[in-house]
Amino acid sequence: MLKKLCRHTICLGLSLVLFCLDTASTQIAKAPKKRTGTQSEGSLANGGCCEDMRMLKIQVANLTSLLGELSRKHESDWINIHLKSMELENSKKVHEDRLLEAESKISEMNGRLEIMQLQAAQTVTQTTADAIYDCSTLYKRNYKISGVYKLPKDEFLGTPDLEVHCDMETNGGGWTLIQRRKIGLTSFNRDWKQYKEGFGTIRGDFWLGNENIFRLTRQPSVLRIDLEDWEGETRYAEYGFFTISNERNNYKLFISNYSGNAGGDSLRYHNNTNFSTKNKDNDKCVDDCAQLRKGGYWYNCCTDSNLNGVFYRYGEHAKSTDGITWYGWHGSSYSLKRVEMKMRPQNFVAQN
């Protein structure tokens with residue numbers, strides 16, 4: 001009996017040991033599988049993350065490329081718009097210039113037609129009241145368009161026919177231009193004879209001629225000087241009395257009664273002075289002012305103004321003193337862009 005019990009106990013123990021060993025084996029066998037399963041899941045997770053990153057990079061690259069294309073297209077469109085804008089601006093300027101040219105030609109044709117009719121009607125001049133003396137007499141006969149006119153020869157006044165430019169607008173009109181500087185292609189460094197007879201182009205830069213100016217100032221006259229600088233600013237000087245003497249007295253200048261906004265009376269210094277040119281020095285100075293200032297003018301010793309000086313573009317000519325100057329406005333080192341000298345009778349009355 002005891003042997004059977006012992007035998008049964010041993011068998012039970014052996015079974016328990018076998019069960020434990022089997023269980024351990026099972027756990028040991030399963031353990032690698034669990035680790036293997038965990039690594040596989042990690043590998044799948046890592047693989048999915050890399051795939052997402054790769055797709056994101058592709059999308060970013062695509063967006064960057066699209067943005068670059070849009071930027072290049074925007075830049076190209078902007079350049080095209082800018083070029084078209086410049087083209088339209090140039091086209092507009094061309095049309096405006098053509099329109100102004102056409103208007104100028106029409107005005108000139110009308111002026112010539114009217115003066116031809118006037119000349120035909122006035123075949124014989126009887127008195128000074130009938131004479132076509134200057135632009136003011138044309139104005140009184142209702143010629144109100146600024147432009148070029150031809151004054152007919154007049155035996156009574158002893159004047160030859162003369163082409164003049166009339167300003168029928170400034171301060172009431174009736175002005176006869178005796179000088180103009182605006183283009184710069186005509187040299188004003190001329191001799192005595194040229195200044196006496198006149199030179200240049202009546203539609204551009206010109207000097208009407210001292211002999212013609214002398215004839216025009218035989219009646220009490222007003223002188224007006226219009227000035228413009230390179231910034232587009234304008235000024236004027238006006239003299240209530242203006243005349244010059246004859247050639248025997250060297251076309252001496254007489255002016256008085258200044259008014260205007262030109263910064264100062266820069267012609268007063270030249271009052272009561274003779275006219276000088278490069279070949280006839282009549283100034284009041286040891287120096288030859290006409291040679292130094294390179295023009296014909298009423299030089300004193302030498303200048304407070306030099307309206308017949310050298311045409312310098314864009315104003316500054318600090319290395320010389322021979323430009324188109326008006327000391328009262330811009331001083332001696334600034335050459336003006338445009339100058340007009342014009343005259344009319346003192347008794348002129350503007351018409352409405």
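The following passage describes the nonpolar core, the aromatic pairs and selected residues of a predicted model. Residues are numbered from 1 along each chain as its sequence is written, and side-chain values use heavy atoms, without hydrogens or water. Local features require pLDDT of at least 70 and side-chain atom pairs pLDDT 80 or more, whereas totals for chains, interfaces and linings use all residues.

The largest nonpolar core (buried Ala, Val, Leu, Ile, Met, Phe, Trp, Tyr and Cys residues joined through side-chain atoms within 4.5 Å) comprises 56 residues. Buried denotes under 20% relative accessible area, exposed over 50% and partly exposed in between, with a 1.4 Å probe and protein chains only. Among the residues with the most contacts inside this core are Trp 207, Ile 225 and Met 341. Strand 7 (residues 234-244) contributes the largest share, 4 residues; helices (H or I, at least four residues) and strands (E, at least two) are DSSP runs numbered from the N terminus.

In the whole structure, 16 aromatic pairs were found. Rings of Phe, Tyr and Trp (its six-membered ring) pair if their centres lie within 6.5 Å, with planes under 30 degrees apart counted as stacked, over 60 as edge-to-face and the rest as tilted. Trp 192 and Phe 275 form an edge-to-face pair, with 6.3 Å between centres and 65° between planes. Trp 192 belongs to helix 3 (residues 192-197), and Phe 275, 83 residues apart from it, to the loop between strand 8 (253-260) and helix 5. Trp 192 is buried at 8% relative accessibility, as is Phe 275 at 0%.

Ala 290, in helix 5 (residues 289-293), is likewise buried, at 1%. The C-alpha atoms of Ala 290 and Lys 278 are separated by 5.1 Å.
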